Amino acid sequence: MSIKRNGCEGCSEITCTSTKEVLSKDIAKNVITAYDRVQARGMSACLFGSGGTCCRNCNMGPCQIIEGVDDLIGICGATADTVAARNFARTIASGTSAHTDHAREMVKGFIETAKGETPHEIKDEVKLHMLAEVFGVETEGKDKNEIALEIGKMALNDFGKQDDEPVTMVKRAPAKRQEIWKKYNIAPRGVDREVVEMMHRTHMGVDQDYRNLMLQGARCALADGWGSSMLSTELTDIMFGTPVPRRAIVDLGVLKEDQVNVTVHGHEPLLAEALCLAAQEPDMLELAKKAGAKGINLAGVCCTGNEILMRRGIPVAAGFIQQEMAIATGAVEAMVVDVQCIMQSVAEVAKSFHTDVITTNYRAKMPGAVHIQFEEEEALQSAKEILTHAIKNYKKRGDCFIPTENKLDVVVGFSHETINYMLGGRFRSSYRPLNDNIINGRIRGVAAIVGCDNYKLPDDRHEIIARELIKNDVLVLATGCAATALGRVGLLRPEAAREAGPGLAEICETVGMPPVLHCGSCVDNSRLLIAATEMVREGGLGEDISELPLAGTAPLWMSEKAVAIGQYFVSSGAYVCFQNLPTSGSKVFTKHLFEEMEEMYGGRWDVAEDPLELAKQMIAHIDKKRAALGIDKKRERVLFDMEMRRDLGTGSGIGDVGCHGQQHLS
Ligand code: SF4
Ligand code: MSK
C-alpha cells in the first residue's frame, strides 16, 4: 500500500499555522510527511509494545506477556513486571548513551580547544574557575587553557573510570540527596559503565527482579543527568559562552528568500558553532554573492537550534515536528545534520526539492544524503566545505514558500546563572528572591516542561499545559523542542506575563522576564538540576530537592532520552508526569514507579492523558509540597510596594543582565 498525501485535511492534529500553510501549498503537494504516515497507520498500536510487555531479548521469543495470566509468561518464565522493567531500563540506557556520546564529543572538543587545536576558545572564565573548584583543580599561576586542559582530562575520565567512586558532579547535589543515593547504592560511577551494566542486567537470564533492575535504572539515569549531560552543558558553556537573555525568532518564517538557507539539525553544537564562524568568513559571503544570494542564513532545527539560539541568538526554523516542513518550503539549500532526532524521511522529502541533506558524522549516515565528514581539528575548513556545497545549490532553487505570519519573537537564554542574576540583581545574584517569592506565595512553584514533539498527539499540548501552569502562578522552565513549541505560540515573550496569575505576572513585569523561561536543549536539563540544588542551598524550602514545590513533564515525549531525563529527575527527588508510559502492561511495575519510588527517592512517576489534567496534577503536587513546608497559608495576594520593586529590579531585568557583556534587549 502506498501512503497518500492527505493534505491538511488529514492533519487534524496540527495547530501550527506555519506548518499548515506550508502543507497547503502546491509545492508541497507531493510531500509525504510523518503526519500522513500516522494517518495511514491508524492510531492503534500493539498493546504489548505500548504496555511494555513484549520481550525480544532472546531468540526463544518474541514473547508477549499478559500480567496475571499464568500461561502467558515468557518462555523463560519472565513475568510481566520483569519484562516491563527490563524494557523501561533499556530505554533509560539508550537515552543515557545518546547524551553520553554527545557529551564525550563535547569534552574532547573542549580538550582540543584548550590545546589551541580548534577555532574556539575558553570564553567563560568565571564558570571555568567554578568547575576547577568542583574538580579540585589548582588554578594558582595557571592560564585558562592549562586549567581547562586539566578539567577536560578529568571530565573525560568520568566516562570510562572503573573504580566505585561516584562521578565528579554528584558532589554538587544537596547533601541529603547524596545520602539517599548512598543508602540505595545508586550514586553513578563511570558513565559508560552504568550503561553497560544496565544492558548486561537486562540480558536474558540476568536480573529478574524489577526493583533491583530499577535500582540500576536509577543509577544509569543519574549517570546521565549528574554525569554526562551536566559535563556537556558546563563545558559547552565555558567554550561557547554561558547563555544570557537575548531576543530571537522561532518559526519556519526565519528562512529568507534572498539568502542561502542552511538549516543545522541534531544535537552537538561543535558543528553548528563552526558553521556560525564559517558563515561570517569573507570568502563564504563572496561565494554566496556570486551565486546571486544576499548572504548566508543559518537557522537551527531541534536541539542544535536551541544551542545556537541560546548562545548566539541564531533563529530556530523548526522543532522536531517541523523538520520535514522546513525542507517542504523549497527554500532550504542544505539541511546539515549530525546526531539524534533526525528522521530518515527528511532525505526522502528532499528528493522533491533542490535541497541536499548533508550528514556530517560517521556515526549517523543516511541513504540519499550527501556525506561530508566534519573534522573538529579542521573545524573551519570542514564547515566551509559544507557551506560551499549549500551555496552551489542556491541557483537550483525553484518555487518556494516561506510562511511569515507566525514570526513571533522570543526571549531565550535562561541559564541557571542568568536566573540567578536576573532575580537576584547584578550586585547580589542569588536565588533568595525566587525562594522568597515562593515562600510568600507570589510564585506557587516551579514546573519544567521539557522534551520532544510527537506526531501521534495534537501539537498544542505543551501550550495547554504551560498556559494552565502560568495562570496558576507556576513559573515554567522549558527546554528542548517543548521550548521551541512554546516559543511558536508566544509564551517566551515578556508580554506573555499578561496571561500569568497575578503573583507571577507581577514578578515577570517587574523584572521584565517571560513567565516561561527557555533554558536550553535536552542535555541542558542538567541546568534544572543545578537550579533546584541552588534553591535548596539558598534555604527556606527544605533540605532536599524532594521538598521543593516543583514538578516536571515531557508531555509529547518521543525519544528514549526523555525517559532517561524523567528517571534522573525522579531519582533526584522530583515529581514527573508524562502523558503515557510504556509500562501499563504491568500494574505491579507501574506501582513501583508511581508509589514505591516516592517512598525511596521522594520523587515519582505519574501519568495523565489529558493535558489540562496533567497540569492540574503538577499543581496538586506543588501544593502538596507547599503544605509540607508549611507555606501553603501564605498564598495571599501581596501587592508590590516601591521597595519590593527596587529589590527585584536593581541591576536585573532582561535589558540589564549585561554582566557578561551580552546584548541589551530593552
Ligand atoms: Fe521470551 Fe524470556 Fe527470551 Fe524474553 S528473554 S524473549 S521473555 S524467552
Ligand atoms: S531534539 S530529544 S525531539 S527535545 Fe533534543 Fe527535540 Fe526530543 Fe529530540
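The following exercises, each with a worked solution, explore a predicted model of a protein chain with its ligands.

Residues are numbered from 1 along each chain as its sequence is written, and chains are lettered from A and ligands numbered from 1 in the order in which they are written. Because the model is predicted, local features need pLDDT of at least 70 and side-chain atom pairs count only at pLDDT 80 or more, while totals for chains, interfaces and linings use all residues; side-chain values use heavy atoms, with hydrogens and water left out.

**Exercise 1. Find the order of the strands in the open sheet, and explain what is special about strand 6 and strand 9.**

Solution. Begin with the terms: strands are DSSP runs (E, at least two residues) and helices are DSSP runs (H or I, at least four residues), numbered from the N terminus, and two strands pair if DSSP finds at least two bridges between them. Next, read the order, which is 6-5-4-7-8-9 for the 6 strands, with parallel pairing. Finally, look at the edges: strand 6 (316–318) and strand 9 (370–371) each have a single partner strand, so one side of each is left without a neighbour in the sheet. For strand 6 the partner is strand 5 (residues 296–301), joined in the parallel sense over 2 bridges, and G300 has V316 as its bridge partner there.

**Exercise 2. Describe strand 7 (residues 334–337): which way do its residues point, and which strands does it pair with?**

Solution. First consider the general pattern, in which the side chains of a regular strand alternate between the two faces of the sheet. Here A334 and V336 point one way, M335 and V337 point the other way, and all are buried (under 20% relative accessible area, where exposed is over 50% and partly exposed lies in between, with a 1.4 Å probe and protein chains only). Then turn to the partners: strand 4 (residues 260–265) runs parallel to strand 7 and is joined to it by 4 bridges, with T263 opposite M335. Strand 8 (residues 356–359) also pairs with strand 7 in the parallel sense, over 4 bridges, and V357 is the bridge partner of M335 in strand 8.

**Exercise 3. Identify the closest residues around ligand 2, and sort its shell by class.**

Solution. Start with the shell, where a residue counts if one of its heavy atoms lies within 4 Å: 13 residues surround ligand 2, and the closest are H267, C303, C341, C481 and C522. Helix 12 (302–312) and helix 19 (480–488) are the elements that give two or more residues to this shell. By class, the shell has 8 nonpolar, 4 polar and 1 charged residues, where Ala, Val, Leu, Ile, Met, Phe, Trp, Tyr, Cys and Pro count as nonpolar, Asp, Glu, Lys and Arg as charged, and the others, Gly among them, as polar.
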